[in-house]
Amino acid sequence: MTHASRRLHLTQPALSHQLTDLEARLGVSLFRRTPRGMLLTAAGSRLLESAKVVLEELRRACQQLDSLQAAERGTLRLSTECYTCYHWLPSRVKRFQAQFPQVDVQIVVEATRRPIEALLAREIDLAVVSGHPRGRGLHVRELFEDEMVAIVSPEHPLAARPWLRPADFAGVHLISYAVPPAQLTLFQEFLDPAEVMPARISRVELTEAIVEMVKANLGIAVLARWAVAPHLGGALRAVPLTRKGFQRHWCAVTLPVKREPEYVKAFVDLLAEKWS
């Protein structure tokens with residue numbers, strides 16, 4: 001009794017009183033008091049077996065509650081390979097934070113032009129990219145597709161075309177983002193396989209600037225249809241690439257881990273809903 005009262009932070013009289021009260025409520029004796037100490041009765045042994053089960057279940061429940069709490073708390077650093085993604089990304093972040101208010105979402109704009117490299121360097125936790133990066137030991141999940149279209153001024157010779165082939169780009173002035181052509185989907189999957197290079201390439205950082213230059217008939221550009229949809233009309237036309245259109249495939253890329261936080265999967269699920 002002395003040892004038990006010390007472990008329970010109770011006085012010995014208080015513990016004796018609790019034990020007496022328990023035996024009175026159960027209507028049985030739990031211990032036999034002997035000169036050698038207190039020995040469990042058959043009823044006491046049975047109660048002890050149940051207590052072990054209950055306490056183990058309570059311990060497991062506490063562990064699970066701790067895991068659930070940890071799964072809803074953390075930091076998610078992400079970046080995309082295209083500035084136009086930031087037009088729709090904030091709305092997804094807002095929905096996500098309503099579900100996971102204790103997760104700090106950080107959009108690392110500095111890694112926009114090199115999201116895979118930033119991921120491999122562990123500067124970010126999630127990269128949103130077009131195409132399917134291979135051979136780097138990455139965890140890749142398909143998200144959605146969007147259509148790439150050529151945008152032209154109504155005054156441009158290509159404006160009347162129902163659709164464009166790679167050869168139609170051979171003599172044009174192409175206005176594109178300020179990245180090497182080898183990193184652009186247009187070149188990787190459309191122009192390079194046909195061994196076509198535009199006559200001139202101007203690199204511009206902002207989507208809005210590209211759109212205004214095309215409206216002024218200074219060249220043509222290739223952008224996602226959804227990104228230029230608000231601008232289409234009298235001053236700007238969209239022409240499909242190939243008869244069937246040209247689809248760009250987007251993926252969410254993470255590093256392989258033994259146990260990915262639940263909030264990372266939840267965020268990727270929200271991204272996949274963008275075009276569903």
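# Close-up views

**View 1. Arg243 is exposed, with a relative accessibility of 65%.** The model shown here, and in every view that follows, is predicted. Arg243 sits in a loop. Strand E10 (237–240) and strand E11 (246–254) flank that loop. Which residue lies 8.4 Å from Arg243 in space, C-alpha to C-alpha? It is Arg165, 78 residues away in sequence. The value of 65% is over the 50% cut-off, so Arg243 counts as exposed.

**View 2. The whole chain, for orientation.** Nine helices and eleven strands make up the secondary structure of the chain. The C-alpha trace spans about 110 × 35 × 30 Å along its principal axes. The radius of gyration is 33 Å, where a compact globule of 276 residues would have one near 19 Å. Of the 276 residues, 39% count as buried. Contacts with a separation of 6 or more come 73% from residues 24 or more positions apart. The exposed area of the chain is about 16,000 Å². Carbon and sulfur atoms supply 54% of that area. The chain carries 35 positive and 29 negative charges. The mean positions of the two sets are 6 Å apart.

**View 3. Helix H7 and its buried residues.** Helix H7 covers residues 207–215. Four of its residues are buried: Thr207, Ile210, Val211 and Val214. Why do they lie on the same side of H7? They cover an arc of only 100 degrees around the axis, so they share one side of the helix. What covers the buried residues of H7? The cover includes four strands: E6 (139–152), E7 (173–177), E8 (200–204) and E9 (221–224). Helix H8 (225–228) is also part of the cover.

**View 4. The loop after H7, with Ala216 and Asn217.** Ala216 is placed in the loop between H7 and E9. Asn217 lies in the loop between H7 and E9 as well. Ala216 is partly exposed, at 48% relative accessibility. Its C-alpha atom is 9.4 Å from that of Leu236. Along the chain, Ala216 and Leu236 are 20 residues apart. Asn217 is also partly exposed, with a relative accessible area of 28%. Both 48% and 28% fall between the 20% and 50% cut-offs. Asn217 follows H7 and has a positive phi, near 60 degrees. Most residues other than glycine have a negative phi. Asn217 has a positive value although it is a residue other than glycine.

**View 5. His9, in the loop between two helices.** Helix H1 (2–7) and H2 flank the loop that holds His9. Is His9 buried or exposed? His9 is exposed, with a relative accessible area of 73%. That value is over the 50% cut-off. The phi of His9 is positive, near 55 degrees, in a residue other than glycine.

**View 6. Glu23, a buried residue of helix H2.** Helix H2 covers residues 12–26, and Glu23 lies within it. Glu23 has a relative accessible area of 12%. This is under the 20% cut-off, so Glu23 counts as buried. Which residues does Glu23 touch, beyond those up to four places away in sequence? They are Val28, Ser29, Leu30, Phe31 and Arg33.

**View 7. Thr185, a buried residue of helix H6.** Helix H6 runs over residues 185–191, and Thr185 is in it. The relative accessible area of Thr185 is 10%. Under the 20% cut-off, Thr185 is therefore buried. Leaving out residues up to four places away in sequence, Thr185 touches Ser130, Phe190, Phe246 and Arg248.

**View 8. Leu232, in the loop between H8 and E10.** Leu232 is partly exposed, at 30% relative accessibility. Residues up to four places away in sequence aside, Leu232 touches Arg237 and Ala238. How far apart are the C-alpha atoms of Leu232 and Ser153, and what is their separation along the chain? The atoms are separated by 10.0 Å, and the residues are 79 apart along the chain.

Terms used. Residues numbered from 1 in each chain as written. Predicted model: local features only at pLDDT ≥ 70, side-chain atom pairs only at ≥ 80, totals over all residues. Heavy atoms only, no water. Rg over C-alpha atoms; globule rule 2.2 N^0.38 Å. Buried < 20%, exposed > 50% of the residue type's maximum accessible area, 1.4 Å probe, protein only. Contact = heavy atoms within 4.5 Å. Areas by Shrake-Rupley, 256 points an atom, 1.4 Å probe, with all protein chains shown as cover. Lys, Arg positive; Asp, Glu negative; His and termini not counted. Charge placed at Lys NZ, Arg CZ, Asp CG, Glu CD. Arc of directions from axis to C-beta.
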